[in-house]
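Me: I'd like to practise reading ligand sites and cavities in a model. Can you walk me through one?

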Amino acid sequence: MSADGFSAAPPPGARPDWTIDQDWASYAPAEHEVWMTLYARQAELLPGRACDAFLNGMQALDLHRGGIPDFERINQELQRLTGWSVVAVPGLVPDDVFFEHLANRRFPAGRFIRKPHELDYLQEPDVFHDVFGHVPMLTDPIFADYMQAYGQGGLKALGRGQLHNLARLYWYTVEFGLMETPKGLRIYGAGIVSSHAESIFALDDPSPNRIGFDLERVMRTPYRIDDFQQIYFVIPSLKALRETTLADFSAIYERLAAAPDIAIDAMEPGDRIFTCGTQAYANAGGRPAGR
Ligand code: PHE
Ligand code: FE
């Protein structure tokens with residue numbers, strides 16, 4: 001994950017590219033147990049909810065073996081499948097550092113794991129979100145290409161001062177994306193699959209809007225970082241996502257600089273509606289305080 005702003009010096013102990021050793025041997029048994037608990041809950045919930053690419057990736061990487069995965073072990077399989085690897089970082093890294101890693105097919109992941117009393121919600125991405133949520137999709141060749149292209153596009157958007165627009169694309173695809181399949185809507189976003197409650201809410205709750213993916217529409221829609229989303233965008237397929245984002249965004253950025261944002265709960269003319277949400281959850285105040 002990335003934090004706002006420009007590159008600063010890495011924290012003490014980190015390399016110039018902000019990576020650190022995962023130091024797998026130093027995890028405590030209780031930390032492995034947190035992984036196993038989270039893994040077991042999601043493995044039971046996600047068949048029939050997550051897309052095939054995610055479920056296949058989860059199997060291919062054997063993410064339940066021995067608790068928190070050893071990055072060295074999963075990287076062997078990931079390298080073989082798509083040439084990606086996971087690298088450990090101390091926490092959020094600056095945007096340019098993050099994009100540089102993605103552009104080189106490296107996914108920066110936190111090494112720490114949430115505490116047993118934080119199973120359901122935490123603000124900063126931990127190793128469960130980063131590895132369980134993101135890495136299975138990186139076994140899919142098309143998604144793997146998309147993520148690398150996003151890294152290259154991120155460096156470009158940063159240079160143009162339009163990262164706020166591109167960040168929405170990441171948010172509404174990589175983090176909170178839904179996909180249309182012959183069997184119904186499926187999840188591919190890491191922020192959803194790594195959350196037990198949102199894996200249910202994103203597909204089943206009548207509150208959020210669910211709208212067909214449209215690149216410029218997405219880039220004009222703000223998002224929430226602190227609660228369930230009020231809108232989800234549905235892609236027709238990973239191939240279609242890769243195709244639409246292949247084009248040079250320069251003309252889009254020029255239009256976006258002059259286009260107003262769209263309210264987070266608004267419907268727009270031209271929206272392809274899967275669900276016209278009630279917004280009942282958001283209007284009732286959302287997540288209870290303190291969670
Ligand atoms: N095509 C985009 C550009 O020209 C780069 C990009 C690709 C961004 C894929 C996001 C995802 O900026
Ligand atoms: Fe993430």
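Reply: Sure. This is a predicted model. Let's begin with two histidines: His129 is buried, and His134 is buried too.

Me: Which residues coordinate the iron ion (ligand 2), and through which atoms?

Reply: For a metal site, look at the donor atoms and their distances. Here His129 and His134 each use NE2, while Glu175 uses OE, and the iron ion (ligand 2) has these donors at 2.0 to 2.1 Å. Water is not among the atoms, so the site may look incomplete.

Me: How are the donor residues of the iron ion (ligand 2) spaced in sequence?

Reply: Read the pattern as H-x4-H-x40-E.

Me: Now for the other ligand. What surrounds ligand 1?

Reply: Start with the neighbours, then pick out polar contacts. Around ligand 1 you'll find, among others, Tyr146, Tyr150, Lys156, Leu166, Thr245, Asp248 and Phe249. The side chain of Lys156 places an N or O atom 2.6 Å from an oxygen of ligand 1. Backbone atoms join in as well: a polar one of Thr245 is 2.7 Å from a nitrogen of the ligand, and a polar one of Phe249 is 2.9 Å from an oxygen of ligand 1.

Me: How much of ligand 1 does the protein bury?

Reply: Ligand 1 exposes 330 Å² when taken alone, and the protein buries 92% of that.

Me: How many cavities of 30 Å³ or more does the structure hold?

Reply: Two. For a cavity, check volume and then lining. The largest cavity has about 50 Å³ of space. Its lining includes Phe201, Arg224, Asp227, Gln279 and Tyr281. By class, that lining comes to five nonpolar, five polar and two charged residues.

Terms used. Residues numbered from 1 in each chain as written. Chains lettered and ligands numbered in written order. Predicted model: local features only at pLDDT ≥ 70, side-chain atom pairs only at ≥ 80, totals over all residues. Heavy atoms only, no water. 1 Å grid on protein atoms, 1.4 Å probe; cavity = no way out; pocket = protein on both sides within 12 Å on 5 of 7 lines; lining within 4 Å. Points joined across faces, edges and corners; volume = space filled by probe spheres on them. Nonpolar A, V, L, I, M, F, W, Y, C, P; charged D, E, K, R; others polar. Donors = N, O, S within 2.8 Å, 3.2 Å for Na, K, Ca; no water. Buried < 20%, exposed > 50% of the residue type's maximum accessible area, 1.4 Å probe, protein only. Near = heavy atom within 4 Å. Polar contact = N/O pair within 3.5 Å; in protein donor to acceptor, adjacent residues only side chain to side chain. Areas by Shrake-Rupley, 256 points an atom, 1.4 Å probe, with all protein chains shown as cover.
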